[in-house]
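Biologist: I'm new to this one and would like a close look at a single part. Could you walk me through it slowly?

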Amino acid sequence: CGMPSREAFVEAMSRSEYDQLRLFANYIANTGLVKHLRTKNWAAFARIYNGPSYAARAYHTRMAAAYRRHSKEKAAAKTSK
């Protein structure tokens, strides 16, 4: 996540939602997970991020559904302008 120590990580995570999001973004960038998001390879992302039980918990299908839902909402908002 780009923090110099465990203590610095805990402090940043406790400080704000912004810092939590920033650390998560650093994590997905530094671990190569961002490529799976860009290609919408939900299974690969979920397998690496959540571990081998990702499929049993349907993380990949829930991510795909959320992406489709938010993509439709964004498209609808553009057409209503």
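Which residue forms a salt bridge with Arg15, and how far apart are the closest N and O atoms?

Modeller: Happy to, and keep in mind that this is a predicted model. The partner is Glu11: Arg15 forms a salt bridge with Glu11, and the closest N and O atoms are 3.3 Å apart. Both residues sit in helix α1, four residues from each other, which is about one turn of the helix. As for how open the spot is, Arg15 has a relative accessible area of 47%, so it counts as partly exposed.

Now follow Arg15 to another partner. Its side chain also meets that of Asp19 in a salt bridge, at 2.6 Å from N to O. Asp19 is a buried residue of α2. Why call it buried? Its relative accessibility is 7%, and the cut-off for buried is under 20%.

From Asp19 you can go on to Arg22. These two form a salt bridge as well, with 3.2 Å between the closest N and O atoms. Here both partners belong to helix α2 and are three residues apart, again about one turn of the helix. Arg22 is partly exposed, because its relative accessibility is 30%. Put the pieces together and you get one network: Glu11, Arg15, Asp19 and Arg22 are joined by salt bridges that share partners. The count of salt bridges comes to three.

Let's stay with α2 for a moment. Phe24 lies in this helix, which covers residues 17-30. Does its length make sense? With 14 residues at 1.5 Å a residue, α2 should span 20 Å, and its end C-alpha atoms are indeed 20 Å apart, so the two agree. Along with Asp19, the buried residues of α2 include Leu23 and Ile28. The buried residues of this helix pack against α1 (6-15), α3 (34-38) and α4 (42-50).

There's something to see on the outside too. Phe24 is partly exposed, since its relative accessible area is 33%. Together with Leu21 and Tyr49, Phe24 forms a nonpolar patch on the surface, and the three share about 290 Å² of accessible area.

One last stop: just after α2 comes Gly32, which takes a positive phi of about 85°. If you want a path to retrace on screen, start at Glu11, step to Arg15, then to Asp19, and finish at Arg22, the members of that one network.

Definitions and conventions. Residues are numbered from 1 along each chain as its sequence is written. This is a predicted model: local features need pLDDT of at least 70, side-chain atom pairs count only at pLDDT 80 or more; totals for chains, interfaces and linings use all residues. Side-chain values use heavy atoms; hydrogens and water are left out. Patches are made of residues with over 30% relative accessible area and no salt bridge: like charges are joined within 9 Å, nonpolar side chains (Val, Leu, Ile, Met, Phe, Trp, Tyr) within 5 Å. Accessible areas come from the Shrake-Rupley method with a 1.4 Å probe; for residues, only the protein chains shown count as cover. A salt bridge is a side-chain nitrogen of Lys or Arg within 4 Å of a carboxyl oxygen of Asp or Glu. Helices (H or I, at least four residues) and strands (E, at least two) are DSSP runs, numbered from the N terminus. Buried means under 20% relative accessible area, exposed over 50%, partly exposed in between (1.4 Å probe, protein chains only). The expected span of a helix is 1.5 Å times one less than its number of residues. Contact means heavy atoms within 4.5 Å.
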